[in-house]
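Me: I'd love to go through this model with you, one question at a time. Shall we look at it together?

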Amino acid sequence: ITQALPRLLQEKDISHYVVIADDIILHPELNENNICDKLGLDDIYSFSTTVAGLSCIAGYRFTNDKLTSAKYLFENTSVYSCINDYEKLFSLLTKKYGDPVENKEENKASERQKDIYTEGELVRDGRLSKSASFLSPFSYIFISLSGGDGFSLIIEYYSIEHDNEREKDIL
């Protein structure tokens, strides 16, 4: 970024950047004209943003110039905020799409662990997870909160018309 900063400040029409450490040095055949194709990013766009005041990485997949799926990977989820963050997003999805088609909570904690630990600590340790599915006329919508190896709070949208895109990972 340091080397590119003067150029980035000069060119006002740039909206996205690809930052790749040493790959360009190790693979000089890569350049600004072919990097997205070589990395398989030609139909996927991702960026940092906020949703409902929560920072996340958003990824969008396009197939034949149509949006076919989207994924929001929420950052800064912690033992103290994960349950509230999930409930906030769940509430917004419910408000927009109605009651979920499926709403699951899996709690593997013993009764003693449930008494000792907060729900956030149980999520962190992989003992508690939450998920829900919604359906709109055009999309499947999923929200999930899990842990065990760090926190994972994700919302995913998939086009009903392009259901085969569901198997491809965006982020």
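Me: Which residue of strand 7 stands opposite Tyr140?
Reply: Happy to help, and keep in mind that this is a predicted model. Strand 6 (residues 139-146) and strand 7 run antiparallel and are joined by eight bridges. Opposite Tyr140, the residue in strand 7 is Tyr158.

Me: Thanks! In what order do the seven strands form the open sheet?
Reply: The pairing in this sheet is antiparallel. Strand 1 (44-51) and strand 4 (102-107) have a single partner strand each, so they stand at the edges with one side lacking a neighbour in the sheet. The order of the strands is 1-2-3-7-6-5-4.

Me: What angle does the direction of helix 4 make with that of strand 5?
Reply: Helix 4 packs on the sheet and touches strands including strand 1, strand 4 and strand 5 (128-135). Its direction and that of strand 5 make an angle of about 15°.

Me: How far apart in sequence are the parts tied together by the pair Tyr72 and Tyr157?
Reply: These two rings form an edge-to-face pair, with 6.2 Å centre to centre and 80° between the planes. Both Tyr72 and Tyr157 are buried. Tyr72 belongs to strand 3 (residues 66-74) and Tyr157 to strand 7 (residues 152-159), so the parts they tie together are separated in sequence by 85 residues.

Me: And how is the pair of Tyr86 and Phe90 classed, by its ring planes?
Reply: Tyr86 and Phe90 are both buried, and they sit four residues apart in helix 4 (residues 82-97). Their ring centres are 6.1 Å apart and the planes lie at 20°, under the 30 degrees cut-off, so the pair is stacked.

Key: Residues are numbered from 1 along each chain as its sequence is written. This is a predicted model: local features need pLDDT of at least 70, side-chain atom pairs count only at pLDDT 80 or more; totals for chains, interfaces and linings use all residues. Side-chain values use heavy atoms; hydrogens and water are left out. Rings of Phe, Tyr and Trp (its six-membered ring) pair if their centres lie within 6.5 Å; planes under 30 degrees apart count as stacked, over 60 as edge-to-face and the rest as tilted. Helices (H or I, at least four residues) and strands (E, at least two) are DSSP runs, numbered from the N terminus. Buried means under 20% relative accessible area, exposed over 50%, partly exposed in between (1.4 Å probe, protein chains only). Two strands pair if DSSP finds at least two bridges between them. Contact means heavy atoms within 4.5 Å. Axes are lines fitted to C-alpha atoms, for helices over the stretch in contact, and angles run from 0 to 180 degrees between N-to-C directions.
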